[in-house]
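Welcome! Open your viewer, load the model and get ready to click through a few stops.

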Amino acid sequence: MTPAQIIQMVQERFAGAVIEAHPTGKHPRIHVLARDWRAIAEFLRRDPAIQLDWLANLSGVDYAADGKLCAVYDLWSFQHRHSLAVKVFCNREHPTIPSVSDLWRAADWHEREAFDLLGIQFEGHPDLRRILLAEDWDGHPLRKDYVFPRSYHDIPASVELDWQQKPE
């Protein structure tokens with residue numbers, strides 16, 4: 001099945017839920033809002049004709065100028081050998097996306113990473129906590145407005161050296 005055919009099935013099943021569709025190019029995908037994601041995810045995973053059974057990657061994107069965060073799900077079907085990506089958009093101020101860790105096991109780790117680095121809350125995740133940074137780390141480093149701390153528990157976190165200065 002081509003990405004265009006998968007997209008057409010999603011659009012027929014979830015009228016109005018696909019806010020953008022890009023069936024061609026190097027990254028065929030649809031764009032949806034977080035409120036519609038869970039039902040679409042279940043359909044993409046469970047429909048026998050589509051059966052996207054592998055989450056190859058989940059990455060987060062900060063669209064700061066638009067006031068949005070996004071999780072990008074790259075999905076693949078081992079049985080049918082087709083793929084599609086889904087960009088799920090949420091509000092940047094209160095970023096919440098339904099968890100799909102019960103549909104794709106790999107989402108467990110990836111959702112925790114997007115939570116840690118971008119602050120996206122994955123509603124229904126069984127163990128949503130930081131995975132790369134310390135529990136008391138302040139902020140989310142992949143946000144475009146993040147200011148890296150000068151120190152962490154009195155440990156220097158960044159050192160600016162004059163590039164012409166030679167180390168002693």
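What follows is a short tour of this predicted model, from the whole chain to single side chains.

**Stop 1: the whole chain.** Start with a cartoon view. The protein chain has three helices and nine strands, and from the N terminus on they run α-β-β-α-β-β-β-β-α-β-β-β. Turn the model around: the C-alpha atoms fill a box of roughly 65 × 35 × 30 Å along the principal axes. Of the 168 residues, 39% count as buried. If you switch on the surface, you are looking at about 9900 Å² of exposed area, 51% of it supplied by carbon and sulfur atoms. Colouring by charge will bring up 19 positive and 25 negative side chains, and the centres of these two sets lie 5 Å apart.

**Stop 2: aromatic rings.** Now show the aromatic side chains; the structure holds seven aromatic pairs. Select tyrosine 63 and phenylalanine 89, whose ring centres are 5.6 Å apart; their planes meet at 40°, so this pair is tilted. The pair links distant parts of the chain, as tyrosine 63 sits in strand S3 (residues 54-63) and phenylalanine 89 in strand S5 (residues 83-91), 26 residues apart. Tyrosine 63 is partly exposed at 24% relative accessibility, while phenylalanine 89 is buried at 10%.

Next, pick tryptophan 137 and phenylalanine 148: with ring centres 6.3 Å apart and planes at 55°, this pair is tilted. Tryptophan 137 is buried, with a relative accessible area of 15%, whereas phenylalanine 148 is partly exposed at 43%. Before moving on, select Trp37, Tyr73 and Trp104, which form one aromatic cluster.

**Stop 3: serine 99.** Go to the loop between strand S6 (96-98) and helix H3 (107-118), where you will find serine 99. Is serine 99 buried or exposed? Its relative accessibility is 5%, so serine 99 counts as buried. Show its side chain together with that of glutamate 111, and you can trace a polar contact of 2.6 Å between them. Beyond its neighbours within four places in sequence, serine 99 also touches other residues, including Arg38, Phe122 and His125.

**Stop 4: histidine 153.** Finish in the loop between strand S8 (151-152) and strand S9 (155-156), the home of histidine 153. This residue has 54% relative accessibility, so histidine 153 counts as exposed. Which side chain does the side chain of histidine 153 meet in a polar contact? That partner is aspartate 136, at 2.6 Å. For a last look across the model, draw a line from histidine 153 to alanine 56: their C-alpha atoms are 36 Å apart, and 97 residues separate them in sequence.

Key:
Residues numbered from 1 in each chain as written. Predicted model: local features only at pLDDT ≥ 70, side-chain atom pairs only at ≥ 80, totals over all residues. Heavy atoms only, no water. Helix = DSSP H or I, 4+ residues; strand = E, 2+ residues; numbered from the N terminus. Buried < 20%, exposed > 50% of the residue type's maximum accessible area, 1.4 Å probe, protein only. Polar contact = N/O pair within 3.5 Å; in protein donor to acceptor, adjacent residues only side chain to side chain. Contact = heavy atoms within 4.5 Å. Areas by Shrake-Rupley, 256 points an atom, 1.4 Å probe, with all protein chains shown as cover. Lys, Arg positive; Asp, Glu negative; His and termini not counted. Charge placed at Lys NZ, Arg CZ, Asp CG, Glu CD. Phe/Tyr/Trp six-rings, centres within 6.5 Å; stacked < 30°, edge-to-face > 60°.
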